[in-house]
Structures are given as structure tokens and as C-alpha cells.
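Student: I am new to this protein and would like to go through its structure step by step. Could we look at it together?

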Amino acid sequence: LQEAYDLRVRLYPDRTSYRVVYSEADFLPGLIVDKYEDYLVVQTLTLGMEQRLHSIQEGLERVFRPRGIILRNDAAIRTLEGLPLEKRILKGSPPAPVSIEEGGLSLQVDLLEGQKTGFFFDQHDNRRASAPYFQGRTVLDCFCYTGAWSLTALQAGAREVLGIDSSEKAIALARENAALNGYASRATFRVGDVWAELKALRRQRRRFGAIILDPPAFVKSKQKLREGLRGYLEVNRQSIALLEPGGILITSSCSHHVSREEFVSVLLRAAQKAGRTARLLEMRGQARDHPVLLAAPETAYLKCVILEVR
């Protein structure tokens with residue numbers, strides 16, 4: 001635990017919230033620990049780690065001295081080992097929500113009810129890297145969750161942002177985050193089905209200077225690969241069609257069953273079906289607090305591609 005924490009401190013000396021333990025990649029298979037300022041969120045995803053939870057908690061208290069520890073063992077993968085799904089507080093009384101800082105933004109995070117452990121640290125570096133592409137543009141943020149990408153765009157000089165997500169709770173928090181950072185007048189967040197909203201925006205002949213696609217995993221098993229690739233093809237095709245000439249598409253896949261080559265191939269076909277030409281500007285992966293163990297290729301799961309579309 002101390003080695004994992006030391007690595008993050010070296011990688012991000014100016015940050016206080018990040019993933020501090022990433023399972024096999026930190027030589028602790030089945031253990032996830034995310035640090036939200038003075039609070040820790042823990043997942044034990046294997047029987048071996050579950051049996052050592054008491055020792056893990058002792059170690060976490062010794063290394064981090066947190067004000068609170070939340071157990072988010074509600075990940076479906078636990079059922080593969082016959083483990084129950086549960087959420088409970090191991091220490092303290094964490095506020096709801098907790099406030100974290102990312103790149104000068106203040107973000108509210110729901111550690112008990114939010115997706116995964118509450119926030120997606122794996123896109124941190126990509127959000128920071130994307131900033132130069134937003135200046136002066138109108139931005140569409142699909143699957144926007146609580147607004148981290150949207151607020152990054154506004155911070156970087158976007159004219160305005162429209163964020164869409166199917167979760168009412170996430171949209172409510174996105175609106176809070178926009179107001180907290182002084183961007184409420186330039187940010188519109190609404191609850192909606194992204195697929196239906198993209199079609200409606202095309203009917204309205206809307207155009208955007210930049211579009212962000214950060215969807216949940218479409219391919220959760222090898223058996224779902226073909227179906228999931230069709231999903232990526234369609235959502236990217238519809239988004240590309242909404243971009244103005246010279247527009248930017250920032251699109252991601254968090255499905256480890258989808259290779260980089262397969263994802264890029266899907267994007268090429270999406271551009272062709274939309275009758276557009278795409279130029280690859282950046283091919284990125286997950287943030288450095290999610291290192292990759294070479295012997296465990298599934299630890300390299302995130303693909304983030306930045307395209308210019310003409």
C-alpha cells in the first residue's frame with residue numbers, strides 16, 4: 001500500500017485525489033482503492049482480498065490516516081466468486097457529496113451512490129490533454145455523468161456546453177458542479193437517452209465544434225464484441241455527422257475486450273458512413289494512476305482518441 005501511494009505522490013505531486021491501488025497493476029490483485037481527499041473508497045473484487053479486508057483496512061489507516069473509509073463492493077464481478085454485493089461505511093461519516101479538486105476545478109462526488117467508486121480518475125490525464133481543443137467552440141458532452149469533461153471544456157475557453165446523461169442524479173450533480181465553478185450560464189445539462197438525443201440534434205440541424213463521447217463499456221464480454229462494436233460505430237457515426245468542418249471528436253472506449261486497432265477501425269468506418277474525413281491527432285490511454293502490468297493486458301483497457309473531422 002505504501003509503495004502504491006508513493007508512486008502516485010511522485011506522479012502527481014500537486015494532486016490529492018486519485019486511484020491509489022489498481023489491482024494487479026499494483027501487485028494487489030482484486031483490490032481497488034480510490035482516494036478522495038481525506039476519504040478512501042475500497043473495492044475487494046476477489047475472495048482472497050475479501051478474506052483480508054480487516055488487514056487491508058488496518059493498512060489503509062496506517063498509510064493514509066483517512067477521515068473515512070467506504071466499502072463499495074457493489075460491482076457485479078464479485079458474483080463470479082460467489083461474493084455478495086454490498087455498500088457500507090468502514091470508518092467515519094463521509095459527507096454526501098465529497099468535494100475534490102481537479103485541475104483547478106472543484107467537483108462534488110457522491111461516494112456512496114455514484115457510479116463505480118464515485119468518479120472516473122482514469123480520464124484525468126485525457127481531460128487535461130484535451131484542453132487546447134476547446135477554445136471558442138460549442139461543445140456537446142455525451143454520457144457526461146457529473147460534468148468533469150464539460151467543465152474542463154469551459155475552463156479551457158469553450159463558448160458553451162450541452163451535457164447529456166441518462167442519470168437524473170448525475171445531471172443534478174453536474175449542474176451543482178457548474179454553479180460551483182461559475183459556469184452555470186454557459187452549461188446546459190439535461191437528462192436524456194444519448195442515442196435519441198443525437199438523432200434529435202441532427203433533425204434540428206445542430207452543429208458543434210467539439211463532441212465528447214465517454215460512454216460506459218459497450219463490450220463486457222467477448223461474446224458481446226460484435227454487438228458492442230456496432231454500438232461504438234453508430235454512436236460515433238451520429239456524432240461525427242454533428243461536427244462542423246474542422247470539428248474535434250474526443251471519443252473513448254473503456255472495454256478491454258476492444259483493442260486499439262479495432263477501435264480505430266470502427267472510427268474510420270464511422271467517418272466513412274457519415275461521409276466525412278477524419279484525422280487522428282492523439283491516441284491516448286488511461287491516466288498514470290492506472291498503470292498497466294505487461295503480464296496482464298486487461299489492465300490496459302481505456303482508449304481515448306482525439307480526431308479532427310472535415
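Student: How many residues does the largest nonpolar core have, and which helix gives the largest share of this core?
Tutor: This is a predicted model, in which local features need pLDDT of at least 70, side-chain atom pairs count only at pLDDT 80 or more, and totals for chains, interfaces and linings use all residues. Residues are numbered from 1 along each chain as its sequence is written, and side-chain values use heavy atoms, with hydrogens and water left out. A nonpolar core is a set of buried Ala, Val, Leu, Ile, Met, Phe, Trp, Tyr and Cys residues joined through side-chain atoms within 4.5 Å, where buried means under 20% relative accessible area with a 1.4 Å probe, protein chains only. The largest one has 36 residues, with Tyr36, Ile100, Leu111, Phe119, Phe134 and Val139 having the most contacts inside it, and its largest share, five residues, comes from helix H5 (residues 148–155; helices are DSSP runs of H or I, at least four residues, and strands runs of E, at least two, numbered from the N terminus).

Student: Why does this core lie between two domains, and which are they?
Tutor: The bounds come from an automatic or database domain assignment. Both parts give residues to this core, so it lies between domain 1 (1–95) and domain 2 (120–309).

Student: How much area do domain 1 and domain 2 bury between them?
Tutor: Buried area is the accessible area (1.4 Å probe) that two parts lose on being put together, summed over both. Tyr12, Arg15 and Tyr22 supply 42% of what domain 1 buries against domain 2, more than any other three residues. Of the total for the two domains, 63% is on carbon and sulfur atoms, and that total is about 1,200 Å².

Student: Which side chains meet in a salt bridge?
Tutor: A salt bridge is a side-chain nitrogen of Lys or Arg within 4 Å of a carboxyl oxygen of Asp or Glu, and the count between domain 1 and domain 2 is one. At 4.0 Å, N to O, the side chains that meet are those of Arg15 and Asp289.

Student: Which residues is Gly246 in contact with, leaving aside its neighbours within four places in sequence?
Tutor: Gly246 has its place in strand E12 (residues 243–253), and its C-alpha is 29 Å from that of Phe121, 125 residues apart in sequence. With contact meaning heavy atoms within 4.5 Å, and those neighbours left aside, the partners of Gly246 are Arg137, Glu308, Val309 and Arg310.

Technical notes. Buried means under 20% relative accessible area, exposed over 50%, partly exposed in between (1.4 Å probe, protein chains only).
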